[in-house]
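Got the viewer open? Load the model, pick a colour scheme you like, and let's walk through it together.

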Amino acid sequence: MIRLGKTARHLREKLGLTQRAAAERLGISYVHLCNVENDKATPSPELVEKYQQIWEVDLHVLAWCLYGDVKKLPISLRRPMMELAKAWREQLGRIASKDDGSTSGVCSVSGN
């Protein structure tokens with residue numbers, strides 16, 4: 001399951017924005033953003049596109065980068081996904097870093 005709500009919250013916090021400020025930029029209510037971030041509402045494709053337009057971050061890519069589990073992939077796909085994750089880390093910079101010390105995300109996986 002892709003955690004778009006959790007990913008949206010992560011992005012907003014990394015950008016140093018309040019829910020109200022982010023919601024205003026996205027053109028939605030802060031209540032709706034709160035519901036999205038708490039996985040009580042699913043972001044529409046249009047909202048996901050707004051994230052891309054405003055902050056140049058694809059929530060699906062960032063979600064995989066933060067929470068994807070490369071160990072659940074077929075062995076033949078693990079190395080290519082780790083290489084892709086490395087490119088994502090470079091592109092997304094600090095947005096793709098996790099401050100909680102967790103290394104479960106594919107962008108945090110070393111070459112193992």
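What follows is a tour of a predicted model, one selection at a time.

**The whole chain**

Start with everything shown as cartoon. You should count six helices and zero strands, so to speak an α-α-α-α-α-α run from the N terminus on. Now switch to a surface: about 6800 Å² is exposed, and carbon and sulfur atoms supply 51% of that. Of the 112 residues, 37% are buried. If you draw contacts with a separation of 6 or more, 63% of them join residues 24 or more positions apart.

Next, colour by confidence. The mean pLDDT is 83, with 86% of the residues at 70 or more. Then select 107-112, where the pLDDT is below 50; this stretch still has 14 contacts in the model beyond near neighbours in sequence.

**Helix 3 and the loop after it**

Select residues 30-37, which is helix 3, and show side chains for Leu-33, Val-36 and Glu-37: these are its buried residues. Why do they sit on the same side of the helix? Because they cover an arc of only 95 degrees around the axis. To see what covers them, add helix 1 (4-15), helix 2 (19-26) and helix 4 (45-55), which are among the elements involved.

While you are here, pick Tyr-30 and Arg-20. The charged end of Arg-20 sits over the Tyr-30 ring, 3.7 Å from its centre.

Now step just past helix 3 to Asp-39, whose phi is positive at about 60 degrees. Asp-39 belongs to the loop between helix 3 and helix 4. That's worth a click, because most residues other than glycine have a negative phi.

**Helix 4 and its aromatic pair**

Where is the one aromatic pair in this model? Select Tyr-51 and Trp-55: their rings are 5.4 Å apart centre to centre, with 50 degrees between the planes, which makes the pair tilted. The two residues are four apart in helix 4, so about one helical turn separates them. In general, residues three or four places apart in an α-helix point the same way, because there are 3.6 residues a turn.

Are these two buried or exposed? Tyr-51 is buried, at 3% relative accessibility, and Trp-55 is buried too, with a relative accessible area of 14%.

Move on to Glu-56, in the loop between helix 4 and helix 5. Glu-56 is another non-glycine residue with a positive phi, here about 55 degrees. Put the surface back on and you'll find Glu-56 exposed, at 66% relative accessibility.

**Helix 5**

Last big selection: residues 59-67, helix 5. Light up Leu-59, Leu-62, Ala-63, Cys-65, Leu-66 and Tyr-67, its buried residues. Look down the axis of helix 5 and these fall within an arc of 165 degrees, so they line one face of the helix. Which helices do they pack against? Show helix 1, helix 4 and helix 6 (75-92) and you have the partners.

Finish on Tyr-67, one of those buried residues. Add Arg-3 to the selection: Arg-3 lies over the face of the Tyr-67 ring, at 5.5 Å from the ring centre.

Terms used
Residues are numbered from 1 along each chain as its sequence is written. This is a predicted model: local features need pLDDT of at least 70, side-chain atom pairs count only at pLDDT 80 or more; totals for chains, interfaces and linings use all residues. Side-chain values use heavy atoms; hydrogens and water are left out. Buried means under 20% relative accessible area, exposed over 50%, partly exposed in between (1.4 Å probe, protein chains only). The arc is that of the directions from the helix axis to the C-beta atoms. Contact means heavy atoms within 4.5 Å. pLDDT is the predictor's confidence in each residue, from 0 to 100. Accessible areas come from the Shrake-Rupley method with a 1.4 Å probe; for residues, only the protein chains shown count as cover. Rings of Phe, Tyr and Trp (its six-membered ring) pair if their centres lie within 6.5 Å; planes under 30 degrees apart count as stacked, over 60 as edge-to-face and the rest as tilted. A charge sits over a ring if NZ of Lys or CZ of Arg is within 6 Å of the ring centre and within 35 degrees of the ring normal.
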